[in-house]
Amino acid sequence: MLLSEKERERKEAILKVGSQVIGACREFLAGEGFVELLPVIVAPLTDPLRHHTDRAVIEAYGGRWHLTRSMIFHKQFAVSVCERIFSFSPNIRIEPPDWGETGRHLWEFVQLDLEVRDASREEVMDLGERLLVYVLERVKDSCSEELSFLERELGIPERPFPRITYTEARRSYGEDFEEALSREVEGPIWLIDFPIDVREFYDREDPERPGILLDMDLIYPEGYGEALSGGEREHLPERIRERIRVQGLDPEQYRGLLALAERGLPPSAGFGIGIERLVRYICGLEHVAEARLFPRVPGELSPI
Ligand code: AMP
Ligand code: MG
C-alpha cells in the first residue's frame with residue numbers, strides 16, 4: 001500500500017480543498033474581467049529577489065535562461081496588452097536548506113500572480129481582500145466535509161482588513177515582527193509602506209514620501225505568516241535605472257526590461273499570493289508541503 005487509508009483520506013481532503021481554491025480564484029477573477037495567461041517557465045530575466053543567488057539557470061540555444069522566480073516583469077509587459085491579467089505561475093527558488101523547517105517554504109511553489117494596468121495600491125488591496133473573502137466563503141461552502149475531516153474551523157474575516165506600517169510593526173514587535181504579528185492578530189492584516197532598502201527595485205517609491213514604497217504584504221493570522229506581496233510598480237526607465245543602480249545590481253542583466261521601459265511600460269499595480277500557503281491556512285496544516293502531492297521541500301530529496 002502506498003499510503004495508509006488514514007493518510008490517503010487526509011491527502012485527498014487537502015487536494016480537494018486545493019482544487020476548489022484554484023477554481024474559486026479563477027471564477028472570482030473572471031468575474032472581475034481578468035484574462036488568464038499561461039505561465040512563463042524560462043526567461044532571460046526573472047525577479048532579482050533580495051535573498052537569492054542565480055542558481056536556477058539553464059543553457060539553451062546559446063543563451064542563459066532563468067527558471068522563473070516570479071513573473072513580475074512579464075506582468076508589467078502583459079498589462080500593455082490586456083488591462084487585467086493573472087497567471088498560476090510556478091516558481092523555482094532554491095531556498096536555503098534549513099528553510100525546509102519554517103513550515104512556509106517550498107522550493108517549487110505556485111503563486112497566483114496578477115497585475116492591473118493604471119491601478120493604485122488601494123485598488124489592488126481592495127481586490128485582494130475581496131478575492132480572499134470570496135475564496136474562503138466558496139471553500140467553506142463546497143468543502144465543509146473536508147474541513148470538518150481536517151478539524152478546521154474557518155472564520156470569514158471582515159473587510160476592510162486592518163493595516164499597520166512596517167515602521168510601526170517593527171517598533172511594536174521587534175526584529176521578528178512578521179511572526180509576532182501573525183501570532184497576535186485575529187484575522188488577516190496588511191503590512192504596508194516598506195522602506196526602500198528592504199524590497200526589490202520594482203516596487204514603486206512614493207513620490208511624496210521618499211524612501212517609502214507603495215507596496216504591501218498581507219499577513220495571515222494564527223502564525224501562518226505572509227500570504228501575499230504586492231504594490232505599485234516602477235515603470236519609468238529613469239526610475240528603474242536609478243533603483244537598479246542603488247541596489248548594486250548589474251544594469252546589463254536588466255537590459256531587456258530597460259528596453260521595454262524605454263518603449264513605454266504602463267503604470268500598474270498587482271500582487272502574488274502563494275497557493276500552497278493559502279491552502280495551508282484554509283486547511284490549518286502544519287507544513288506547506290502538505291498542500292502538494294509532490295512537494296519540493298528545501299534541503300530534502302524526493303523519490304518522485
Ligand atoms: P514574494 O514575491 O517573495 O513575496 O512571493 C509571493 C508569494 O508567494 C508570497 O507572499 C508567498 O505566499 C509565496 N511564496 C514565496 N516564497 C515561497 C516559498 N519559498 N514557498 C512557498 N510559497 C512562497
Ligand atoms: Mg513577499
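## A walk around ligand 1 and the pockets

Of the 14 residues around ligand 1, Arg 93, Glu 95, Leu 106, Glu 226 and Ala 227 come nearest; "around" here asks for a heavy atom of the residue within 4 Å of the molecule. Before going further, keep in mind that this is a predicted model, where local features need pLDDT of at least 70, side-chain atom pairs count only at pLDDT 80 or more, and totals for chains, interfaces and linings use all residues. As for bookkeeping, residues are numbered from 1 along each chain as its sequence is written, chains are lettered from A and ligands numbered from 1 in the order in which they are written, and side-chain values use heavy atoms, with hydrogens and water left out.

Let's look at some contacts with ligand 1. The side chain of Arg 93 has an N or O atom 2.7 Å from an oxygen atom of the ligand, which fits the rule for a polar contact (a pair of N or O atoms within 3.5 Å; within protein, one must be able to donate a hydrogen and the other to accept it, and residues adjacent in sequence count only if both atoms are side-chain atoms). Ser 229 also uses its side chain: an N or O atom there is 2.8 Å from an oxygen atom of ligand 1. With Leu 106 the backbone takes part, placing an N or O atom 2.8 Å from a nitrogen atom of the ligand. How much of ligand 1 does the protein cover? On its own the ligand has 470 Å² of accessible area, and the protein covers 91% of that (Shrake-Rupley method with a 1.4 Å probe; for residues, only the protein chains shown count as cover).

Now, where does ligand 1 sit? You'll find the ligand in the largest pocket, and "sits" means that more than half of its atoms lie within 2 Å of the pocket's grid points. A pocket is found on a 1 Å grid over the protein atoms alone, as an open set of points with protein on both sides within 12 Å along at least five of seven lines; a cavity is a set where a 1.4 Å probe fits but cannot get out, and lining residues have an atom within 4 Å of a point.

Which elements give two or more residues to the shell around ligand 1? They are β6 (108–117), β10 (225–232) and β11 (268–274), with β10 giving the most, 4 residues. These names come from DSSP runs numbered from the N terminus: helices are H or I with at least four residues, strands E with at least two. By class, the shell has 4 nonpolar, 5 polar and 5 charged residues (Ala, Val, Leu, Ile, Met, Phe, Trp, Tyr, Cys and Pro count as nonpolar, Asp, Glu, Lys and Arg as charged, and the others, Gly among them, as polar).

Step back to the whole of the largest pocket. About 1,200 Å³ of space lies in it, a volume being the space filled by probe spheres set on grid points joined across faces, edges and corners. Its lining counts 44 residues, and His 51, Arg 199, Asp 217, Glu 226 and Ser 229 lie nearest its centre. Once more β10 has the largest share, with 5 residues of this lining. Sorted by class, the lining holds 15 nonpolar, 9 polar and 20 charged residues.

The second largest pocket holds about 540 Å³ of space. Among its 27 lining residues, Pro 44, Leu 45, Thr 46, His 66 and Gln 253 lie nearest the centre. Here α2 gives the most, 5 residues, and the classes come out as 14 nonpolar, 7 polar and 6 charged.

There is also 1 cavity of 30 Å³ or more, with about 40 Å³ of space. Arg 93, the residue we met beside ligand 1, is one of those lining this cavity.
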